[in-house]
Amino acid sequence: MDASLEKIADPTLAEMGKNLKEAMKMLEDSQRTEEENGKKSSGDIPGPLQGSGQDMVSLLQLVQNLMHGDEDEEPQSARIQNIGEQGHIALLGHSLGAYISTLDKEKLRKLTTRILSDTTLWLCRIFRYENGCAYFHEEEREGLAKICRLAIHSRYEDFVVDGFNVLYNKKPVIYLSAAARPGLGQYLCNQLGLPFPCLCRVPCNTMFGSQHQMDVAFLEKLIKDDIERGKLPLLLVANAGTAAVGHTDKIGRLKELCEQYGMWLHVEGVNLATLALGYVSSSVLAATKCDSMTLTPGPWLGLPAVPAVTLYKHDDPALTLVAGLTSNKPADKLRALPLWLSLQYLGLDGIVERIKHACQLSQRLQESLKKVNHIKILVEDELSSPVVVFRFFQELPGSDPVPRTVSVPSAAPSAVGRERHCCDALNRWLGEQLKQLVPTSGLTVMDLEVEGVCIRFSPLMTAAVLGTRGEDVDQLAACVQSKLPVLTCTLQLREEFKQEVTATAGLLHVDDPNWPGIGVVRYEHANDDKSSLKLDPEGEKIHAALLKKLNELESDLTFKMGPEYKSMKSCIYIGMASDDVDISELVETIAVTAREIEENSRLLENMTEVVRKGIQEAQVQLQKANEERLLEEGVLRQIPVVGSVLNWFSPVQASQKGRTFNLTAGSLESTEHTYVYKVQGTGVTPPQTPSGTRTKQRLPGQKPFRRSLRGSDALSETSSVSHSEDLEKAEQLSGAPEPDTPEPGSPEPPPGPRAPQDAEQTGALRSGAQRPEDDRPQVEEPESLR
């Protein structure tokens with residue numbers, strides 16, 4: 001590159017290319033040292049300009065800090081796009097445009113005319129649009145707004161003179177498909193100054209054909225109705241690849257309607273890129289006969305800062321000038337310079353290869369997803385569709401979506417909506433997982449009106465920018481296959497979880513349509529106000545402790561805490577299930593743990609009151625004890641000198657009395673037993689911690705909430721009972737001391753409990769036999785052995 005720049009005669013152009021290369025290298029460099037981070041940050045923008053000025057390297061360093069200054073705070077933010085050599089050429093076009101504008105007017109006029117005519121000719125030949133003109137614009141919708149203005153000037157001859165008074169007598173109508181990109185109609189009305197009634201939204205097919213194609217018969221009916229009302233059908237916007245699923249309208253039939261009623265036909269969409277290929281579907285090929293079309297070569301070819309292009313056919317240059325499609329200003333013509341350079345750099349073969357590669361990626365993913373169960377593909381043309389839209393879908397055979405507690409007529413619509421929301425949440429989760437696992441795929445999660453939440457793969461808009469390869473598509477298909485067991489298992493367990501929670505006292509099932517996991521549950525404590533939707537501090541503490549306990553179990557499930565759907569109360573959100581989960585054990589564990597937490601919290605709250613009352617009672621009893629001691633000892637012993645003499649001649653044998661507070665029983669006890677017998681009182685045995693009604697015995701290595709022996713019929717009912725009894729016996733034996741093993745040849749001891757004296761003797765003998773003579777501890781023998 002440097003050697004090629006040295007051959008350029010103009011030193012300014014050579015220096016510009018060299019500076020651009022150095023600037024892009026510096027801006028794309030993601031490795032910054034700590035010294036550079038310490039010098040300047042995003043908050044170090046100087047207020048007043050420095051008197052001496054700054055060099056180019058310092059300015060580029062400042063720009064780099066501004067672009068990457070927040071990466072420490074947001075590590076997940078996307079960095080600057082890693083553009084290739086063709087991207088540098090496109091960016092060079094903007095710098096060259098500023099340099100060319102300094103030429104004299106005659107040279108500038110010739111150069112800009114050459115650039116504009118060459119770019120227009122190349123685009124018309126590449127995309128099969130013969131004898132067309134081109135308008136280059138930064139905003140994609142700007143070209144359509146200019147076309148609408150041209151159509152108004154063409155149909156209303158006195159519009160230049162009378163203005164909007166002409167439109168008052170015969171209002172224009174612009175027809176848009178219901179599948180058009182959002183906000184297009186509002187943008188056109190704002191740019192043209194037209195009221196919203198001038199827009200007509202044409203519905204899509206409902207009975208025959210794709211549900212994302214414009215209904216041609218209904219459109220013709222709308223046109224006739226508007227003509228009868230005295231309106232003027234002005235323009236129709238058709239789609240060659242809708243913004244959502246990439247379906248193409250019946251452009252050939254729409255063109256016939258437009259010619260019949262004198263309307264302008266404009267076509268836009270991603271499928272127009274396939275016009276550059278050798279094989280083009282008939283529906284897309286019909287777009288070459290339309291009055292205008294909008295192309296976006298920047299995303300298709302991976303070119304940054306390249307303008308969009310609107311190709312049109314019109315014979316009156318005066319009207320195109322009035323509409324703003326043509327301009328005599330050289331700066332407007334220089335918009336085509338980045339695209340002029342990029343097209344020459346790529347060449348015809350490079351342009352076709354990039355578009356063909358994107359279409360092949362779509363076909364590759366489509367073929368892979370056909371082999372995957374429970375994946376529904378929304379593709380219009382299986383042979384040439386460059387957009388693949390798919391979603392997870394599963395019908396549970398034999399399941400009753402209607403709850404038993406609700407009547408069937410009133411619950412059927414809600415059951416269908418609940419199933420729809422459930423699938424939407426799962427597809428939203430699947431899309432986010434795939435985007436994280438395969439970031440180069442460029443997937444988009446979208447919500448369609450009929451199908452619900454779907455995942456879109458449109459490599460024509462992302463492959464050239466992200467560098468998507470065939471291996472990435474294979475990885476994407478493998479990730480979809482790997483996530484299916486999680487989706488199917490979770491979907492099957494949701495209804496069972498709801499029934500178990502409903503049947504468990506103290507738990508409330510929360511129906512959250514946006515949560516993709518097994519379900520949401522809330523524990524209702526004793527002081528819970530069910531009618532209130534405000535924040536519950538006591539419930540929040542209980543759920544926080546419950547979340548901590550559940551996460552300590554180290555199960556395969558994920559637990560989260562958050563506010564309830566449509567209220568501020570805390571709930572426990574249970575995530576996706578990768579294997580068959582024992583829902584009954586899960587729900588029981590949640591209920592028992594939450595109940596224990598609530599009881600412990602009540603004990604701690606009442607402890608302060610119990611201790612306070614105990615201290616007051618102890619003070620009263622000690623005061624009574626002091627009064628009794630005074631009566632027993634007499635008044636003389638309380639006099640300082642006389643009392644000492646009496647105590648010396650006749651000491652008082654008084655017992656030490658005190659009080660001890662038993663926290664378990666919540667009562668005061670005397671310490672006389674402690675001082676007399678030198679032994680502390682045992683008190684009351686604390687009650688056992690409440691546990692579940694049934695404790696599941698897990699095998700070694702088995703995680704919580706996992707069903708064992710799933711689908712196995714080898715064990716009968718009696719064998720399973722005996723197996724559980726064996727496990728209980730093993731637990732009891734594990735806590736008891738290990739029994740003695742009789743020596744060979746010795747008589748077997750009779751069954752029954754062993755006497756304490758025999759057990760003590762045997763223990764002493766065993767301890768003596770097991771330890772060596774020198775380091776054996778000196779233990780006093782029992783009196784019976786002496």
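A salt bridge is here a side-chain nitrogen of Lys or Arg within 4 Å of a carboxyl oxygen of Asp or Glu. The exercises below concern a predicted model.

**Exercise 1. Determine whether the side chains of Arg391 and Asp424 meet in a salt bridge, and place both residues in the fold.**

Solution.
- Step 1. The N to O distance for Arg391 and Asp424 is 3.2 Å. The cut-off is 4 Å, and the two side chains meet in a salt bridge.
- Step 2. Arg391 belongs to strand β9 (residues 388-392), while Asp424 belongs to helix α18 (residues 408-437). The pair links distant parts of the chain, 33 residues apart.
- Step 3. Arg391 and Asp424 are both buried.
- Step 4. As general background, side chains of opposite charge can pair when their charged atoms come close.

**Exercise 2. Analyse the salt bridge between Asp291 and Lys255: which parts of the chain does the pair tie together, and are the two residues buried or exposed?**

Solution.
- Step 1. The side chains of Asp291 and Lys255 meet at 3.5 Å, N to O.
- Step 2. Asp291 sits in the loop between α13 (282-285) and β6 (292-295), and Lys255 in helix α12 (residues 251-261), so the pair ties together parts that are 36 residues apart in sequence.
- Step 3. Buried means under 20% relative accessible area. Asp291 has a relative accessible area of 18% and is therefore buried. Lys255, with a value of 14%, is buried as well.

**Exercise 3. Classify the accessibility of each partner in the salt bridge of Asp226 and Arg229, and then state how many salt bridges the whole structure has.**

Solution.
- Step 1. The side chains of Asp226 and Arg229 form a salt bridge with an N to O distance of 3.6 Å.
- Step 2. Asp226 has 7% relative accessibility and so counts as buried. Arg229 has a relative accessible area of 59% and is therefore exposed.
- Step 3. A search of the whole structure gives 17 salt bridges. A network of salt bridges links Glu220, Lys224, Arg253 and Glu256.

**Exercise 4. Describe the second largest pocket by its volume, its lining and the elements that supply the lining.**

Solution.
- Step 1. The volume of the second largest pocket is about 660 Å³.
- Step 2. Its lining consists of 28 residues, and those nearest the centre are Ala178, Ala179, Ala180, Arg201 and Glu449.
- Step 3. At least two lining residues come from each of β2 (172-177), α10 (184-192), β3 (199-202) and β10 (444-448).
- Step 4. By class, this lining has 15 nonpolar, seven polar and six charged residues.

**Exercise 5. State how many cavities of 30 Å³ or more are found, and characterise the largest cavity.**

Solution.
- Step 1. Three cavities of 30 Å³ or more are found in the whole structure.
- Step 2. The largest cavity has a volume of about 90 Å³.
- Step 3. Residues that line the largest cavity include Ser555, Asp556, Leu557, Met576, Phe705 and Arg706.
- Step 4. The lining of the largest cavity divides into six nonpolar, two polar and four charged residues.

**Exercise 6. Examine the backbone phi of Ala305 and of His374, and locate both residues.**

Solution.
- Step 1. Most residues other than glycine have a negative phi.
- Step 2. Phi of Ala305 is near 60 degrees, a positive value. Ala305 lies in the loop between α14 (297-301) and β7 (308-312) and is partly exposed, with a relative accessible area of 40%.
- Step 3. Phi of His374 is near 65 degrees and also positive. His374 lies in the loop between α17 (337-370) and β8 (375-377); its relative accessible area is 35%, so His374 is partly exposed.

**Exercise 7. Identify the residues of the nonpolar surface patch that contains Val641, and give the setting of Val641.**

Solution.
- Step 1. The patch is formed by Ile639, Val641, Val642, Val645 and Leu646, which together have about 380 Å² of accessible area.
- Step 2. Val641 is part of helix α23 (residues 640-649).
- Step 3. Exposed means over 50% relative accessible area. Val641 has 63% and is therefore exposed.

**Exercise 8. Compare the separation of Ile126 and Ala273 in sequence and in space.**

Solution.
- Step 1. Ile126 is in helix α6 (residues 105-126) and, at 13% relative accessibility, counts as buried.
- Step 2. Ile126 and Ala273 are 147 residues apart in sequence, and their C-alpha to C-alpha distance is 9.5 Å.

How values were computed: Residues numbered from 1 in each chain as written. Predicted model: local features only at pLDDT ≥ 70, side-chain atom pairs only at ≥ 80, totals over all residues. Heavy atoms only, no water. Patch = residues over 30% accessible without salt bridge, like charges linked within 9 Å, V, L, I, M, F, W, Y side chains within 5 Å. Areas by Shrake-Rupley, 256 points an atom, 1.4 Å probe, with all protein chains shown as cover. Helix = DSSP H or I, 4+ residues; strand = E, 2+ residues; numbered from the N terminus. Buried < 20%, exposed > 50% of the residue type's maximum accessible area, 1.4 Å probe, protein only. 1 Å grid on protein atoms, 1.4 Å probe; cavity = no way out; pocket = protein on both sides within 12 Å on 5 of 7 lines; lining within 4 Å. Points joined across faces, edges and corners; volume = space filled by probe spheres on them. Nonpolar A, V, L, I, M, F, W, Y, C, P; charged D, E, K, R; others polar.
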